[in-house]
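Here's a chain to look over, sequence and fold together. Have a scroll through it before reading the notes.

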Amino acid sequence: TSVLSQDAESVSIIRFESLMQTQEREASARVESLDQATISAEVAARVVDLPVRVGERVSAGQILVQLDAADYELALQAAQARLEVAQAGEDMARLRAERARRLAPDQFVSDDQLLEAETLLRQTQAEKAAASVELGRAELMLSRTQIVSPYEAIVQSRLTGTGALAAPGTPLVELVATERLEISSGVANPHVEGLMQSDEVVFEDGERRYPVRLLRVSALISPGARQREARFEFIDESPAPGSQGTIAWVDPRPVLPADYVMTREGELGVLLVDSNQVVGTTTVVRWQPLPQADAGRPVQVDLPMDLLLINEGRRRVQPGETVQIVAESL
């Protein structure tokens, strides 16, 4: 243990881990839906009903628009009739082919007659298959006269009205999905690393706080704001699409309080002593420059937690000056 010098300035020391802080950060954010769609007509028909209203929530499978189905119902009936005719023709052809096969070994029918019966059977089978496809198409076209929501959503706008004539591709309703949501936020590039290390991130809309999970951060940096887009998803409940708010998190990287950032000879830094010093010793003040610091503001630093900083007396002493350690602050 050194002998206390009568000429040395008395100071106390404090470990960096005792005074280090973390910083709360936030960035503006917006809730966006991954599914936004303009629902259009797929068949030509007149709009007979449009039961949904702007701002209304709709469930998956709920009817959005009903088109006039009369023509398509008639087409379906005609297709069903053609399939019945084709089925009857196939049944008759099958009976004739089976009869020809039974009689052929006894020479009651010629080879040409047998070939003709089997060819007719194959022809009627093909006609039945074509009629079945036509029926399926008629059913599909009829189903398209009833337009339903593909997912849970909010009606953003109605683009037509009852009585309007719709053609394939005519926009009818705009939807914004309410299930698959993401939050978009522009985060300052220096804050991205702390965001990625944070244990808890929330979205605040002024009324509630919603826990969220970081999904990804874009590698692109916006040229003006020097920000990177971060995307989040809600862990439990979520607000409505389009909600505005902020993303808030605690940056776990250590921060030196502004009161400990000193200026010496025009340079910003922190005053400290060797980490092996104890109360009752005499030592020399060391200087750690902090080029990233701004005067009067906390500064993020990468310092050892057991580093000994000068606490009381730091405003009086100078780098290289001999001081007496009289106390260690907790």
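The notes below start with the whole chain, then turn to two helices and a few loop residues.

## The chain as a whole

First things first: this is a predicted model. Its secondary structure adds up to 4 helices and 22 strands. Don't expect a neat ball, though. For 330 residues, a compact globule would come out with a radius of gyration near 20 Å, while this chain has 40 Å. Lay the C-alpha atoms along the principal axes and they fill a box of roughly 135 × 55 × 35 Å.

Buried residues make up 38% of the 330 in the chain. About 18,600 Å² is exposed, with carbon and sulfur atoms supplying 48% of that area. If you take the contacts between residues at least 6 apart in sequence, 77% of them join residues at least 24 apart. As for charge, there are 32 positive and 50 negative ones, and the mean positions of the two sets are 4 Å apart.

## Helices α2 and α3

Start with α2 (70–103). It has 34 residues, so at 1.5 Å a residue it should span 50 Å, and its end C-alpha atoms are indeed 50 Å apart. Its buried residues include a run of alanines, namely Ala 79, Ala 86, Ala 93, Ala 97 and Ala 100, along with Tyr 72, Leu 76, Leu 83 and Glu 90. Part of the cover over these buried residues comes from β4 (45–49) and α3.

Now for α3, which takes in residues 111–143. This helix has 33 residues and reaches 48 Å from its first C-alpha to its last, close to the 48 Å expected. On its buried list are Leu 114, Leu 121, Leu 135 and Leu 142, plus Ala 117, Ala 131 and Ala 138, with Thr 124 and Met 141 rounding things out. What do the buried residues of α3 pack against? They pack against α2 and β7 (146–148).

## Buried spots in loops

Val 285 sits in the loop between β18 (282–284) and β19 (286–289). Its relative accessible area is 3%, so Val 285 counts as buried, the cut-off being under 20%. Beyond four places in sequence, Val 285 touches Leu 271, Leu 272 and Ile 310, as well as Val 317, Gln 318, Pro 319, Gly 320, Glu 321 and Val 323. Gln 324 is 39 residues away from Val 285 in sequence, but their C-alpha atoms are 9.9 Å apart.

Asn 311 belongs to the loop between β21 (308–310) and β22 (322–329). At 12% relative accessibility, Asn 311 is buried too. Setting aside residues up to four places away, Asn 311 touches Ser 12, Ile 13, Ile 14, Tyr 260 and Ser 329. Then there's Ser 198, in the loop between α4 (192–197) and β12 (201–204). Ser 198 has a relative accessible area of 14% and is buried. Outside its neighbours within four places, Ser 198 is in contact with Trp 249, Val 250 and Pro 252.

## An exposed residue with positive phi

Is Glu 265 buried or exposed? It counts as exposed, because its relative accessibility is 85%. You'll find Glu 265 in the loop between β16 (262–264) and β17 (267–273).

The backbone there is worth a look. Most residues other than glycine have a negative phi. Glu 265 isn't a glycine, yet its phi is positive, at about 55 degrees.

How values were computed. Residues are numbered from 1 along each chain as its sequence is written. This is a predicted model: local features need pLDDT of at least 70, side-chain atom pairs count only at pLDDT 80 or more; totals for chains, interfaces and linings use all residues. Side-chain values use heavy atoms; hydrogens and water are left out. Helices (H or I, at least four residues) and strands (E, at least two) are DSSP runs, numbered from the N terminus. The expected span of a helix is 1.5 Å times one less than its number of residues. Buried means under 20% relative accessible area, exposed over 50%, partly exposed in between (1.4 Å probe, protein chains only). Contact means heavy atoms within 4.5 Å. The radius of gyration is taken over C-alpha atoms; the globule rule is 2.2 Å times the number of residues to the power 0.38. Accessible areas come from the Shrake-Rupley method with a 1.4 Å probe; for residues, only the protein chains shown count as cover. Lys and Arg count as positive and Asp and Glu as negative; His and the chain ends are not counted. The place of a charge is taken as NZ of Lys, CZ of Arg, CG of Asp or CD of Glu.
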